[in-house]
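Work through the following exercises with the sequence and the model side by side. Try each task before reading its solution.

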Amino acid sequence: MKSTIEELGPTRVRMAIEVPWGDLDHAFGEVYKELGKQVRVPGFRPGKVPNRVLDQRVGRPLVLEQVVQHAIPEVYSEVVRENQVRVLGQPDIEVTRLDDNDTLAFTAEVDVAPKVELPTLDELAVTVDDVEVTDEEIDQQISVMRERFGMLTGVDRAAQDGDFVSIDLEAKLGDEVLEDGSTTGMSYEVGSGNLMEGLDDAVRGLSADESTTFRTALLQGPNAGETADVTVTVRSVKTKELPELDDEFASTASEFDTLEELREDVRTRLARTKVLQQGAQARDKLVEHLLETVEVPIPENLVEREIEFRNQAMQNELQQAGMDWDSFLQMTGVESQEAYDADQRKNIEEAVRTQFILDAVADAREVTVDNEDLSAQIMAQAQRNRMSPEQYAQQLQQGGNIAEFVADVRRTKTLAQLLEQTTITDASGNVVDLEALRPRTVQAPSAGTDAEDADAEDADTGAEDADAEEAPDAEVATAVAVEATEGATEDAEDVTKG
């Protein structure tokens, strides 16, 4: 077998492959075996029809066509493997020569991962924000706790902002009552603006058992986009009475005896959260630096296919929700489909470039992935997806995603190593030590959340800290790095699969 590879550009190649007839024996065997089961010839048992008889029965051209269909994928995969070509997506195949009993020749054009020229990465440095906790931030956290211990009390007056009302809703288009736009006994906070446009203005000033009708655009359901008449009836009006901010509240809401002790604990927790934010910020700025300094050509076909795939997936979701694109764009505040696509393109391109850069760094540094790395990542991802590690591993295997998962772990490990060697300073010029960024557990933060969420619950509730196991710096860096590679990986996971 002969093969040549021609670079058509930084991200696309053409492979010209010639296959001697003798190398097609396996493909011929498979084709004749299948035809022997399908073709019935008098005088021969199924599967025992001679090959020359099958040629005569179905025609030699059909036999050759099926041989080509069997042979090309195997031969193509062999050439890719032998030449270590990192293909992206499926190839465009063209048979250029098919001489019976002589030669099969074809070309395969396919997108490939670009060759990335890396700069020197020995003196990486980023600057992050200072850690500063203000009294206003503490007051906000205490207010959240206070809200949780508030009591709802009925009042005999008209509803106003901040009240909680029980309401009935009935939506109509003409004389038709819309079941999906009607409900009874719904609890709603006046002024929250999180249900439908016009509801707050309608409810303000209504007392118990009073009604009014307003017009609003329907955002969901089969009538999304149409304007309906909605009648709202207030059944009860309640106000929230908050506890006094004193030592009694502190002992009720936390394990502390005084309000001052509670405030100091909140200050400590917020400071720790902001330290974790420094780690997340350092990680993000490191990725930004890599994207700014490393030139990475992107296969345009790759991006276009992914945009088309995502738009089709979104279209299906909108149809299931009874919405159209205009309603979705209006609800999300996006100006147009073009603006939405442009934002998608930017995210996809950055995600793919990040993957290519981290892969190049991993290759240059010969980063490897061992069982310990895989186990740690499986446990973190399983917890994130609310399933057991065994279930998550089985899901990977069933979906055929093990190879991509290993590649993701390798990228995460690479980014962690880069972050570990990066000099991190705050805005005041103080060096931020990765050791100080150690979370209370080594597990990675939840997918799709920033580091500030890590301690949000504890900061709100005043719960006691759990003692943390000591973790080496590399594990700390990995925990901080996981989320960054996840963001890029989730965006690009299906994009770069071959």
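**Exercise 1. A positive phi in a loop**

In which loop is R386 found? Locate this residue in the predicted model, then describe its backbone and its exposure.

Solution. Begin with the place: R386 is found in the loop between α11 and α12, the latter covering residues 389-398. Next, take the backbone, where R386 has a positive phi of about 55 degrees although it is not a glycine. Finally, turn to the solvent: the relative accessible area of R386 is 80%, and because exposed means over 50%, R386 is counted as exposed.

**Exercise 2. Two further residues with positive phi**

Describe Q84 and E366 in the manner of the preceding exercise.

Solution. Q84 sits in the loop between α3 and β3, and its phi, near 55 degrees, is a positive value in a residue other than glycine. With a relative accessible area of 70%, Q84 is exposed. E366 comes after helix α10, and its phi is positive, near 55 degrees.

**Exercise 3. The span of a helix**

Check whether the ends of α10 lie where its number of residues would place them.

Solution. Helix α10 takes in residues 337-365, which is 29 residues, and at 1.5 Å a residue it should span 42 Å. The expected span uses one less than the number of residues. The end C-alpha atoms of α10 are 42 Å apart in the model, so the expected and computed spans agree.

**Exercise 4. Helix residues and their partners in space**

For M379 and E260, state the helix, the exposure and the distance to a residue elsewhere in the sequence.

Solution. Take M379 to begin with, which belongs to helix α11, residues 371-384. Its relative accessible area of 53% makes M379 exposed, and its C-alpha atom lies 5.3 Å from that of P389, a residue 10 positions away in sequence. Then take E260, which belongs to helix α7, residues 259-293. E260 counts as exposed at 55% relative accessibility, while its C-alpha atom and that of D246, 14 residues apart along the chain, are separated by 9.0 Å.

**Exercise 5. The nonpolar interior**

Which residues of the largest nonpolar core touch the most other members, and which element gives the most to this core?

Solution. The largest nonpolar core has 33 residues, of which M15, L24, F28, V87 and L104 touch the most other members. At least two residues of this core come from each of β2 (12-20), α1 (25-38), α2 (51-58), α3 (60-83) and β4 (103-112). The element that gives the most is α3, with 10 residues. Leaving aside residues up to four places away in sequence, M15 touches a set that includes I5, Y76, V80, V87, F106 and V110. Apart from this core lies another, of 30 residues, among them A113, I348, L415 and L418.

**Exercise 6. A nonpolar patch and the whole chain**

Find a nonpolar patch on the surface, then place it against the totals for the chain.

Solution. I93, V95 and L98 make a nonpolar surface patch of about 220 Å². Of these residues, V95 lies in strand β3, residues 87-99, and its relative accessible area of 39% makes V95 partly exposed. The protein chain as a whole exposes about 27,500 Å², with carbon and sulfur atoms supplying 45% of it. Of its 498 residues, 40% count as buried, and its secondary structure comes to 15 helices and 11 strands. Among contacts with a separation of 6 or more, residues 24 or more positions apart account for 73%.

Methods: Residues are numbered from 1 along each chain as its sequence is written. This is a predicted model: local features need pLDDT of at least 70, side-chain atom pairs count only at pLDDT 80 or more; totals for chains, interfaces and linings use all residues. Side-chain values use heavy atoms; hydrogens and water are left out. Helices (H or I, at least four residues) and strands (E, at least two) are DSSP runs, numbered from the N terminus. Buried means under 20% relative accessible area, exposed over 50%, partly exposed in between (1.4 Å probe, protein chains only). A nonpolar core is a set of buried Ala, Val, Leu, Ile, Met, Phe, Trp, Tyr and Cys residues joined through side-chain atoms within 4.5 Å. Contact means heavy atoms within 4.5 Å. Patches are made of residues with over 30% relative accessible area and no salt bridge: like charges are joined within 9 Å, nonpolar side chains (Val, Leu, Ile, Met, Phe, Trp, Tyr) within 5 Å. Accessible areas come from the Shrake-Rupley method with a 1.4 Å probe; for residues, only the protein chains shown count as cover. A salt bridge is a side-chain nitrogen of Lys or Arg within 4 Å of a carboxyl oxygen of Asp or Glu.
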